Amino acid sequence: MSYLENIKTAVIKENAVILAIESSCDETAASVIRGGREILSSVISTSMSEHVRFGGVVPEIASRAHTSYISKTVEKAVLEAGITLSDLDVIAVTYGSGLIGALLVGVSYAKALAYSLNIPLVPVSHIRGHVSAGYLSSKELKPPFICLLASGGHTAIIEVKDYYTYNVLGGTLDDAAGEAFDKVARVLGLEYPGGPNIERLAREGSNVIELPKMLKGKKGYDFSYSGLKTAVINYCHQKVQKGEDFNKADVACSFQCSAIDVLVEKTLNALKDKGFKVLSVGGGVAANGYLREKLEKECKKRGYTLVLPEKKLCTDNACMIGAEGYLQYLNGNFAGLDLNAQAFVKL
Ligand SMILES: Nc1ncnc2c1ncn2[C@@H]1O[C@H](COP(=O)(O)OP(=O)(O)OP(=O)(O)O)[C@@H](O)[C@H]1O
Ligand SMILES: [Mg+2]
């Protein structure tokens, strides 16, 4: 009997202990999750400091870092959870979307471990993981609800119909929100990743620079960030060319307001139009303090329930992969040893 044929006969346990592995970008992360919603441990090793001087993640550097971090990261996650490998019921691993060489490290490691322990291997979509972060932060969160997903590569408003069925109401037509934060940060001379640095600088500035409002006020739930990004870049370059001083903190604050206000507006429209009262958020941009405060205020005003995962559950982590992996496990979505990494997977 092959590994997969044998594993398919495994009894599904409601309180399954899952080891989740995430290696899609620069974070090598491992986490142990029980019953889909309880975090027993979370360990994140990152090669970010090695990428800063290049202004973005260098795939080969990230892949090499994963190979040197992965064993120690997994060992630490198991130790911190207070268990041993033999207590594990499932291994969940991000198989896409992401950097292919980086993903392959996690996928190969997860395959070998699942095979050696003779337990199910569950393939997880990174983006679905961002949505499932909400289940870790609120034990009461159950579909249907609306999820605002805003990360380095994705920006979308999703109707989560049930645990497995998503209806994407709108998304970005060009750049993702996080990508725009990173590109604007670069022009302002701030280090990668730009989001947290823009947020920090914006606190010292005011929203006084007129910037395009993108698709604000327009019907539908789509976004467009490339015009806003170009407007900020042009503003800074023109000031430099004319030899005029400009206040970088004001640029950061004005950009942040333009980028975030439209996310909030369209998300609230979606909730109202579709008759939803529960909102969850996910993705690195959801760690933005201005976005979080604004959503808290607006949801409170309207009597909506807002699920705001802790900031460390919004940026890349393995806990969210464990939460989504649990759902896939319950559905019997097991992979064989032929599981491969994929640069792009559908939501
Ligand atoms: N406080 C913040 N404010 C705004 N943006 C932020 C903040 N913190 C992180 N980000 C942005 O979030 C992005 C990283 O998020 P995440 O790790 O989810 O993206 P990713 O994994 O690279 O992309 P994806 O999840 O779409 O594949 C970066 O673009 C970063 O600048
Ligand atoms: Mg991500």
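Helix 5, helix 6 (177-187) and helix 7 (194-202) each supply at least two residues of the shell around ligand 1 in this predicted model. Of these, helix 7 gives the largest share, with four residues. Altogether 23 residues surround the ligand, and the closest are Gly-152, Gly-153, Gly-178, Gly-195 and Gly-284. Sorted by class, the shell has 14 polar, six nonpolar and three charged residues.

Where does ligand 1 lie with respect to domain 1 and domain 2? Both domains give residues to the shell, so ligand 1 lies between them.

**The two domains**

It helps to have the bounds at hand here. Domain 1 covers 3-131 + 316-330, while domain 2 covers 145-275. Their centres, taken over C-alpha atoms, are 30 Å apart. Where the domains touch, eight residues of domain 1 are in contact with eleven residues of domain 2. On the domain 1 side, helix 5 (residues 126-137) gives the most, with three residues. That side is made up of four nonpolar and four polar residues, with no charged ones. Helix 5 therefore turns up twice, since it also supplies at least two residues of the ligand shell, and ligand 1 lies between the domains.

**Two open sheets**

Now for the strands. One open sheet has five strands in the order 3-2-1-4-5, with mixed pairing. Its edges are strand 3 (38-46) and strand 5 (121-125), each of which pairs on one side only. Neighbouring strands of this sheet are turned by 20° against each other on average, direction ignored. Inside it, strand 1 (residues 17-22) and strand 4 (residues 90-96) run parallel and are joined by four bridges. If you would like a residue pair to look at, Leu-19 has Ile-91 as its bridge partner in strand 4.

Two helices pack on this sheet. Helix 3 touches strand 1, strand 2 (27-34) and strand 3, and its direction makes about 25° with that of strand 2. Helix 5 touches strand 3, strand 4 and strand 5, and its direction makes about 95° with that of strand 5.

The other open sheet also has five strands, in the order 8-7-6-9-10, and its pairing is mixed. Strand 8 (166-171) and strand 10 (305-307) are the edge strands, each pairing on one side only. From one strand to the next, the twist averages 20°. Strand 7 (residues 155-160) runs antiparallel to strand 8, with five bridges between them. Glu-159 stands opposite Asn-167 in strand 8.

**Helix against helix**

Two helix pairs are set out here.

| Helix pair | Axes come within | Crossing angle |
|---|---|---|
| Helix 3 (residues 59-80) and helix 4 (residues 100-117) | 7 Å | roughly 20° |
| Helix 6 and helix 9 (residues 248-274) | 11 Å | roughly 175° |

The crossing angle makes helix 3 roughly parallel to helix 4. Their contact involves Pro-59, Glu-60, Ala-62, Ser-63, His-66, Thr-67 and Ile-70 of helix 3, and Gly-101, Ala-102, Val-105, Gly-106 and Tyr-109 of helix 4. By class, these residues divide into six nonpolar, five polar and one charged.

Helix 6 and helix 9, by their angle, are therefore roughly antiparallel to each other. Here Ala-177, Ala-180, Phe-181 and Val-184 in helix 6 meet Phe-255, Ala-259 and Leu-263 in helix 9. This contact has seven nonpolar residues, no polar and no charged ones. Helix 6 brings us back to the start, as one of the helices supplying at least two residues of the shell around ligand 1.

Definitions and conventions:
Residues numbered from 1 in each chain as written. Chains lettered and ligands numbered in written order. Predicted model: local features only at pLDDT ≥ 70, side-chain atom pairs only at ≥ 80, totals over all residues. Domains from an automatic or database assignment. Contact = placed C-beta atoms within 7 Å. Nonpolar A, V, L, I, M, F, W, Y, C, P; charged D, E, K, R; others polar. Axes fitted to C-alpha atoms, helices over the stretch in contact; angles between N-to-C directions. Parallel < 35°, antiparallel > 145°, perpendicular 65-115°, else oblique. Near = placed C-beta within 6 Å. Pairing = 2+ DSSP bridges.
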